[in-house]
Amino acid sequence: MQRALSVGNILVAALVVVLMCDPLCNAQAQDWAKERLNKSPRHGEWVDFKSGERTVKAFVVYPERKDKAPVVLVIHEIFGLTDWVRGVCDQLAENGVIAIAPDLLSGQKFEDVDGARKAISALPKEQIKADLDATSDYALKIPACNGTLAVCGFCWGGGATFAYANENPKLKAAYSFYGTAPDDASKVANIPCPVYGFYAENDERVNATIRKAEELMKGAGKKYEPVIYKGAAHGFMREGESPNANEANKKARVDAWARWKTLLKQLR
């Protein structure tokens, strides 16, 4: 009986590990994202530029169009600048905009995704802002850019997007994907553009911050449009694209992209 119980405990423990690991594993093992990126007909490249004394690396993808285009600054997840994030840049370019994703861990080394997560969590706010400012300045000087700047971000980057919207007066739009929203009037007072939120129904940690942000944005006379996608879980833009995605995350990703494409067309 004790042996059977031990085996049962082992199986339960293994199942728990699998369930806990799945989102993290999907963030790390992104061969499907890399394969899609490798097949893209659009031009993508790595660039370097200065942020103070630091050198920042960024990935840029250009749309196939004959005129100049808006540029969207992409803030990566807490897992770092992964193949999936680079794939998002390509998909943005597919929809007519220049996309640039800075590696906010430029110059740092880590052994795995957990190391990247810890490193990003430890980044000073001043350094994040400086790197995003440097990226914005670089992007606006790209010859193919028409002078219009927007920002988007996912998970940790979604929260950083909302925060950065309050720090860059040049922004024309901000797209925050399942990131925590501001909790103080000072954090929205200087936002110069509409903020569009994309949230998962099964993500109460993040969703609990939406109502307060709605009150703050309304009080400041700012536009904030949050949408919650039914049945989806945190990270659905990435999870919904993976081969083993569940139907709710797949649908949420499709619906979110449909909305986002419409919003991107409004950039001038």
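Let's start with helix H3, residues 83-94, which in this predicted model lies across S1, strand S2 (54-61), S3, S4 and S5. Against S2, H3 runs at about 50°. On the way from S3 to S4 the chain passes through H3, but let me show you the strands before coming back to that.

So, what is the order of the strands in the sheet? We have an open sheet of 8 strands, and reading across we get S1-S2-S4-S3-S5-S6-S7-S8, with mixed pairing. At the edges stand strand S1 (44-51) and strand S8 (224-233); each has a single partner strand, so one side of each is left without a neighbour in the sheet. On average, neighbouring strands here are turned by 25° against each other, if we ignore direction.

Now please look at S3, residues 69-75. How many of its residues are buried? The count is 7 of 7, so to speak a mostly covered strand. On one hand, S3 is joined by 6 bridges to strand S5, residues 145-154, and the two run parallel. You can find Val-71 opposite Leu-149 of S5. S3 also has 3 bridges to strand S4, residues 98-102, again running parallel, and there Leu-73 stands opposite Ile-100. This is where H3 returns: the β-α-β crossover from S3 through H3 to S4 is right-handed.

Over to S7 and S8. Strand S7, residues 195-202, runs parallel to S8, with 7 bridges joining them. Phe-198 stands opposite Val-227 in S8. Helix H10, residues 247-264, lies across S3, S5, strand S6 (171-177), S7 and S8, and its angle to S8 is about 160°.

Next, the nonpolar core. The largest one has 86 residues, and Leu-92, Tyr-175 and Trp-260 are those with the most contacts inside it. If you click on Tyr-175 and leave aside its neighbours within four places in sequence, you'll see contacts with, among others, Ala-150, Val-151, Cys-152, Tyr-196, Phe-198, Trp-260 and Leu-264.

Last stop, helix H4, residues 113-121. Which of its residues are buried? They include Val-113, Ala-116, Ala-119 and Ile-120. Looking down the axis of H4, the buried residues fall within an arc of 120°, so they line one face of the helix. As a reminder, an α-helix has 3.6 residues a turn, so residues three or four places apart point the same way. Turn to the other side of H4, and you'll find Lys-118 and Ser-121 exposed.

Key: Residues numbered from 1 in each chain as written. Predicted model: local features only at pLDDT ≥ 70, side-chain atom pairs only at ≥ 80, totals over all residues. Heavy atoms only, no water. Buried < 20%, exposed > 50% of the residue type's maximum accessible area, 1.4 Å probe, protein only. Helix = DSSP H or I, 4+ residues; strand = E, 2+ residues; numbered from the N terminus. Pairing = 2+ DSSP bridges. Right-handed = clockwise from strand over helix to strand, strands pointing away. Core = buried A, V, L, I, M, F, W, Y, C linked by side-chain atoms within 4.5 Å. Contact = heavy atoms within 4.5 Å. Axes fitted to C-alpha atoms, helices over the stretch in contact; angles between N-to-C directions. Arc of directions from axis to C-beta.
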